[in-house]
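Please open the model in a viewer and keep the sequence panel visible. The tour moves from the whole chain to a pair of neighbouring selections, and then to a single side chain.

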Amino acid sequence: MSEDLYSYLPFFLVALYILIVMPNSWLVWRFKEKKYINIWKRFAGKYKLRMSPGSFFPKAPVKPNINGKFKRREINISSFAIHSIFKREMVMKISVVVKNKPKDDLPKGGFFVVGDPRKESKIPFVRIQSKEITDIEAAKFPYKAVPENLGTYLMRQESLLNLMKLTPVNDVLLNENSLDYRQVGLFETDQEMEFALTELVRLAESFEQFSRAWL
């Protein structure tokens, strides 16, 4: 029995390399990086945004960054690497500035966070999912909000549901003067980046409308 197990060991090691080591190898990331750099450059150029240099290679100390004004709102696009036993992953963060004025009972203004439940999974590769998420499924994502009616209001917004339906594992966070969209992995086209940022700006406008009326 033990000899049979040893006979499968080379196949196991090859499979382990293909699934874990190869996707994060220097050569693979150098190829992918050129593609993502071009995507970010096209997007930044289209909207006359500033793009600072850097590398998407997970171990690189400085990552590319985009900032400027998009639809008359200050924005920032950045990325960082997270590490686990099984793999390295890039996380992309899109931030827009919002007016979130503090109140006596809300010294830091409103707070809201909603997250894709798949990000809580400890099973490797569970994040690879091609199934499209529906409005009903996105509306059931767990969230926290202060005050509570802010969460109820935002979870009804089409812009938020559109963001949460994007297939990468993601979340949306409102904290003080920033509204952030974060996802595991980088966008494959500049059109996807434009869509996510447009929806985030729409959500920021919805929050500010709520803030003026209720906070």
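A residue is called buried when its relative accessible area is under 20%. With that cut-off in hand, select strand E7, residues 170-175: five of its six residues are buried, so the strand is mostly covered.

**The whole chain**

Before going further, zoom out to the full protein, which is a predicted model. Colouring by secondary structure brings up six helices and eight strands. Followed along the sequence, these elements appear in the order α-α-β-β-β-β-β-α-β-α-α-β-β-α. Switch to a surface representation next: about 12800 Å² is exposed, and carbon and sulfur atoms supply 60% of that area. Of the 215 residues in the protein, 41% are buried. If contacts are displayed for residues at least 6 apart in sequence, 61% of them join residues at least 24 apart.

**The partners of E7**

Return to E7 and add strand E5, residues 111-115, to the selection. E5 and E7 run antiparallel and are joined by five bridges. To see one of the pairings, pick glycine 115, whose bridge partner in E7 is aspartate 171.

Now add strand E8, residues 178-184. E8 is also antiparallel to E7, with six bridges between the two. Asparagine 175 and serine 178 of E8 stand opposite each other. E7 and E8 form a hairpin with two residues between the strands; select glutamate 176 there and check its backbone, where phi is positive, near 60°.

**Aspartate 180**

The last stop lies in strand E8, at aspartate 180. Is this aspartate 180 buried or exposed? Its relative accessible area is 7%, and because the limit for a buried residue is 20%, aspartate 180 counts as buried.

Show side chains and look for the polar contacts of aspartate 180. One, of 2.7 Å, links its side chain to that of serine 95. Another, of 2.5 Å, links the side chain of aspartate 180 to that of serine 178, the residue that stands opposite asparagine 175.

Finally, select what surrounds aspartate 180. Leaving aside residues up to four places away in sequence, aspartate 180 touches Lys93, Ile94, Ser95, Asp171, Val172, Leu173 and Leu200. Among these, Asp171 is the bridge partner of glycine 115, a link back to the pairing of E5 with E7.

Notes: Residues are numbered from 1 along each chain as its sequence is written. This is a predicted model: local features need pLDDT of at least 70, side-chain atom pairs count only at pLDDT 80 or more; totals for chains, interfaces and linings use all residues. Side-chain values use heavy atoms; hydrogens and water are left out. Helices (H or I, at least four residues) and strands (E, at least two) are DSSP runs, numbered from the N terminus. Buried means under 20% relative accessible area, exposed over 50%, partly exposed in between (1.4 Å probe, protein chains only). Contact means heavy atoms within 4.5 Å. Accessible areas come from the Shrake-Rupley method with a 1.4 Å probe; for residues, only the protein chains shown count as cover. Two strands pair if DSSP finds at least two bridges between them. A polar contact is a pair of N or O atoms within 3.5 Å; within protein, one must be able to donate a hydrogen and the other to accept it, and residues adjacent in sequence count only if both atoms are side-chain atoms.
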